[in-house]
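Open your viewer, switch to a cartoon view, and get ready to select a few things by number. We will go stop by stop, and at each one you can look before you read on.

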Amino acid sequence: MRYPIIITPDERLRRQAKPVKVITDELVQLLDDLYETMVAHDGIGIAAPQVGKNLQVAIVEVEEDDRFEMINPEIIASSGESLDVEGCLSIPHTFGTVKRADEITVRYFDREGEEMEVEAFGYLARALQHEIDHLNGVLFVDKLVERIPEEDLEKYMEEHEND
Ligand code: CO
């Protein structure tokens with residue numbers, strides 16, 4: 001099932017999401033539905049609060065077939081700094097640069113309830129931080145360094161291709 005995406009401003013995007021206590025069939029279904037919703041909107045990440053589910057659940061897929069389905073994710077280490085452009089399915093037509101850690105380690109549970117750890121850097125690390133922020137009611141616009149008008153986006157990407 002495909003969910004409608006909640007668009008800002010909406011207080012459901014501003015809540016502290018609740019930790020998942022038990023992985024039920026319903027939760028597994030939510031993971032499938034979140035993924036379907038994300039793909040349908042050409043997203044590379046989605047968090048449960050964006051579909052009105054106040055749970056610590058998020059998905060990131062920056063590279064095709066490299067999907068991270070995270071339950072109760074927690075950043076346990078971070079280092080470095082990077083500045084790059086972000087957007088958000090909940091904030092249409094808005095883009096801008098955000099400063100984030102360049103390298104992070106995330107601990108989370110997968111749909112089987114297995115504890116996982118991923119070390120990520122670059123854009124994957126960025127996407128993971130963006131989605132985990134959603135679980136704390138934080139949006140990328142809260143951390144905006146510079147807004148990039150939609151019509152300048154392509155130009156900006158070209159200019160910063162090798163950054
Ligand atoms: Co977002």
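This tour visits a metal site, two sheets, two helices, two cores and a loop. Keep in mind that you are looking at a predicted model.

**Stop 1: the cobalt ion**

Select the cobalt ion first. Which protein atoms are its donors? They are SG of Cys-88, NE2 of His-130 and NE2 of His-134, and they lie 2.1 to 2.2 Å from the ion. Along the sequence, these donor residues follow the spacing C-x41-H-x3-H.

Now show helix 2, residues 122-135. Because His-130 and His-134 are 4 residues apart in this helix, about one helical turn separates them. Are these two histidines buried or exposed? Both His-130 and His-134 are buried.

**Stop 2: the sheet of 3 strands**

From Cys-88, move on to the strands. Select strand 4 (82-88) and strand 8 (144-148). They are the edge strands of an open sheet, each pairing on one side only. The order of this sheet is 4-5-8, and the pairing is antiparallel. On average, neighbouring strands here are turned by 30° against each other, ignoring direction.

Add strand 5, residues 91-100, which is joined to strand 4 by 6 bridges. One place to zoom in is Cys-88: its bridge partner in strand 5 is Ile-91. Now bring helix 2 back into view, since it packs on this sheet and touches strand 4 and strand 5. The direction of helix 2 makes about 50° with that of strand 4.

**Stop 3: the sheet of 5 strands**

Next, colour the other sheet. It is open, has 5 strands in the order 1-2-3-6-7, and pairs in antiparallel fashion. Strand 1 and strand 7 are the edges, each with pairing on one side only. Neighbouring strands are turned by 35° against each other on average, direction ignored.

Zoom in on strand 1 and strand 2, an antiparallel pair joined by 3 bridges. Here you can find Gly-45 opposite Val-60 of strand 2. Helix 1 packs on this sheet, touching strand 1, strand 2 and strand 3, and its direction makes about 40° with that of strand 2.

**Stop 4: along helix 1**

Select residues 25-40 to see helix 1. Its 16 residues reach 23 Å from the first C-alpha to the last, close to the 22 Å expected. Show some of its side chains: the buried residues include Leu-27, Asp-33, Tyr-35 and Thr-37. Just past the helix, click on Asp-42, which takes a positive phi of about 55°.

**Stop 5: two cores**

Show Phe-68, Met-70, Val-106 and Leu-128 as spheres. These have the most contacts inside the largest nonpolar core, a group of 18 residues. Which element gives the largest share of this core? Helix 2 does, with 6 residues. Try Leu-128 on its own: among the residues it touches are Val-60, Ile-104, Val-118 and Ala-120.

Apart from that core lies another, of 15 residues, including Tyr-3, Leu-30, Leu-31 and Met-38.

**Stop 6: a loop residue**

Finish with Asn-136, found in the loop between helix 2 and strand 8. Asn-136 is partly exposed, with a relative accessible area of 38%. Leaving aside neighbours within four places in sequence, it is in contact with Arg-15 and Gln-16. Then draw a line from its C-alpha to that of Ala-58: the two residues are 78 apart in sequence and 12 Å apart in space.

Methods
Residues are numbered from 1 along each chain as its sequence is written. This is a predicted model: local features need pLDDT of at least 70, side-chain atom pairs count only at pLDDT 80 or more; totals for chains, interfaces and linings use all residues. Side-chain values use heavy atoms; hydrogens and water are left out. Donors are N, O and S atoms within 2.8 Å of the metal (3.2 Å for Na, K and Ca); water is not among the atoms, so sites may look incomplete. Helices (H or I, at least four residues) and strands (E, at least two) are DSSP runs, numbered from the N terminus. Buried means under 20% relative accessible area, exposed over 50%, partly exposed in between (1.4 Å probe, protein chains only). Two strands pair if DSSP finds at least two bridges between them. Axes are lines fitted to C-alpha atoms, for helices over the stretch in contact, and angles run from 0 to 180 degrees between N-to-C directions. Contact means heavy atoms within 4.5 Å. The expected span of a helix is 1.5 Å times one less than its number of residues. A nonpolar core is a set of buried Ala, Val, Leu, Ile, Met, Phe, Trp, Tyr and Cys residues joined through side-chain atoms within 4.5 Å.
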